[in-house]
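Grab a pencil and take a look at the chain shown here. The exercises below walk you through it one step at a time.

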Amino acid sequence: MIKTIFPLSNGVGLFYNNKLCVGIINNEGIKKVGSFDEKQESKFFKLPFVRGIFYLLKGLFLFIKSFLFQYTLDIRKKEDKNLSYKWAGAFNAISGYFILIALVISSFLFGFLLLGLLPKWLFGLVFDKYSNYYFQRFIIALLRFSLLYLIVLLIKFIPYVNNIFAFNGAGNIFLSNNSKFVGRCYPMNFLNFIINVLLFSVFMVSLIAVNVHWLANFFINLSIFLLVCSLMYEFLNLLTKGKSAFIKDLWVVFGHLVTLKPSATNTEVLNMTAIEHGNSENLKDLEKDDIPMSIVFAEMETKLKTCERFEKSDMEWIVATILNKSRAEIRIERAIKEKQYREIIRATERRCKGEPLSSIFGFVEFYGLKFDVNKKVLSPRLETEILVENAIKKIKSKEFKTVCDMCCGSGAIAITISKLTDAKVDAIDISKQALTLAKSNCDKNHAQVQFILSDLFKELKKNKKYDIIISNPPYIKSDDIEKLDIEVKKYDPKLALDGGKDGLEFYRLITSQSKKHLNKDGYLFYEVGKGQAQDVANIMKDEGFTSINIIKDYNKIERVVYGRISK
């Protein structure tokens, strides 16, 4: 049987490669999947016209199986399942069967009254009862077709059912190998197949209207139904293979009746079910309080892509931090506990709202070291590692002994240089809170740095000199701060962002004042904002710096500027 989606009220079933995988989301927003292995299909059932009938029967069987399986997918812990809970679960499973049987019986009764008697009554109201027999059969067949169409259309507005159609919409995206909802149904979608078979079999049975013997009538009408079923399968299969969007949108395909635009949750559940389909999870695993890593990453990816903040490295960092493992270690993790899953999803949702990972966890990794951060300091960025890397190369190649980190913030630059070189490092900042945090980071990383509270170089002795002065100063234009992403604007201190009217104020001040505190042939290193490199290079050149270099970051943005002072 072809790849098929079976939408449910709170989840979805996915069948292909002889495996049925069912994923659900319960009232608490917790997701779970499970699967069954099905027997290999006989080649006979793949023959043209036979496969249509087989698709209907096997599809209905799998649909009911998926529907009933929802009740077994409960991820509450065993110890939480008291006697009353077990009875409630048993009642849910049993009631599912009774509800299904009741629906089938009531549907037949309703169908007999509405589709059997109403069209004849309507025909008698409008037309003469002695009208041409074939005309009468055609009009009645058309009325029954239209009434059934209207019933299915109205069903879409029932709250319970519209969630099924939304899951079906997510299934259309998956079956079409598309990335977004385009408003049309995948032709071989199972519900689309069913609705077309029902509509056209009702039309054909009403049109032919055999009336011989009740037993003969039954078998003739059944034959008509099976013939419509076979022909519809072949027709929809032909449409599926067609490349033209117009062909797939032919009016004869009424997929829109059973399709609604999926929510992020609908798509998320289907994605995790599809991923889990390939991970050999089986019914035995459902009894464990474990959630497969594939589900965790699928859900995280869906959430982050929905809020347009998807970064694979962010996902890995969140999981690795909560599991207290390295990024390499989490790649071999098969499953996690429910508590860990909840923590990961909470962190992901905070990330979706624009909160940086450093704020979520209170620390950031920089150059292999761990630094605590808060709202009083700028969180070290990945591109700042390029600044430190080039400074360390210069320190080692020139055997420099003294370094000053101006505007040190969390102390990441100063502490890293201290750890990786033999240089004596001073770190300067105007913020007492920043220096308190920087000192704490220094102790935790077992580094040797002297911290100085000062407005730039004001508190330094006039004869205090260094081989290298390095700085990542505020460089955002004052008027641009409110335009920044919430991740920066809300969670980074304005003091560490505001670089004055043109964003270059601190570069001018530091460059001018640093000449007095640099040894002969000493170097000044800067991290700069996008589009500022050449302006900063010109400022340094005007102040007498030579051998000025500009280095690009990982995104090919000019990020580091450094030069030498000659005296």
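Four short exercises follow, each with a worked solution.

This is a predicted model, where local features need pLDDT of at least 70 and side-chain atom pairs count only at pLDDT 80 or more, while totals for chains, interfaces and linings use all residues. Residues are numbered from 1 along each chain as its sequence is written, and side-chain values use heavy atoms, with hydrogens and water left out.

**Exercise 1.** Find how many helices and strands the chain has, and what share of its residues is buried.

*Solution.* Start with the secondary structure: there are 19 helices and 15 strands (DSSP runs, H or I of at least four residues for helices and E of at least two for strands, numbered from the N terminus). Next, the burial: 49% of the 567 residues count as buried (under 20% relative accessible area; exposed is over 50%, partly exposed in between, with a 1.4 Å probe and protein chains only).

**Exercise 2.** Work out which residues have the most contacts inside the largest nonpolar core, and which helix gives the most to it.

*Solution.* First, the core itself: it has 120 residues, and F193, I417 and I470 have the most contacts inside it. (A nonpolar core is a set of buried Ala, Val, Leu, Ile, Met, Phe, Trp, Tyr and Cys residues joined through side-chain atoms within 4.5 Å.) Then the helix: α5, residues 190-208, gives the most, with 10 residues. Now zoom in on I470: leaving aside neighbours within four places in sequence, its contacts (heavy atoms within 4.5 Å) include L387, V403, I417 and F525. Finally, there's a second, separate core of 27 residues, with I428, L456, V536 and A537 among them.

**Exercise 3.** Name the strands that pair with β15, and say whether β15 is mostly covered or uncovered.

*Solution.* Take β13 (residues 518-527) to begin with: it pairs with β15 in the antiparallel sense over five bridges (two strands pair if DSSP finds at least two bridges between them). Here L524 has G563 of β15 as its bridge partner. Move on to β14 (residues 545-552), which is antiparallel to β15 over six bridges, with I551 bridged to V560. β14 and β15 also form a hairpin with five residues between them, and K556 in the turn has a positive phi of about 65°. As for cover, β15 (residues 558-565) is mostly covered, with six of its eight residues buried.

**Exercise 4.** Locate F218 in the secondary structure and decide how exposed this residue is.

*Solution.* Look up the helix first: F218 lies in α6, residues 214-241. Then check the area: at a relative accessible area of 46%, F218 is partly exposed.
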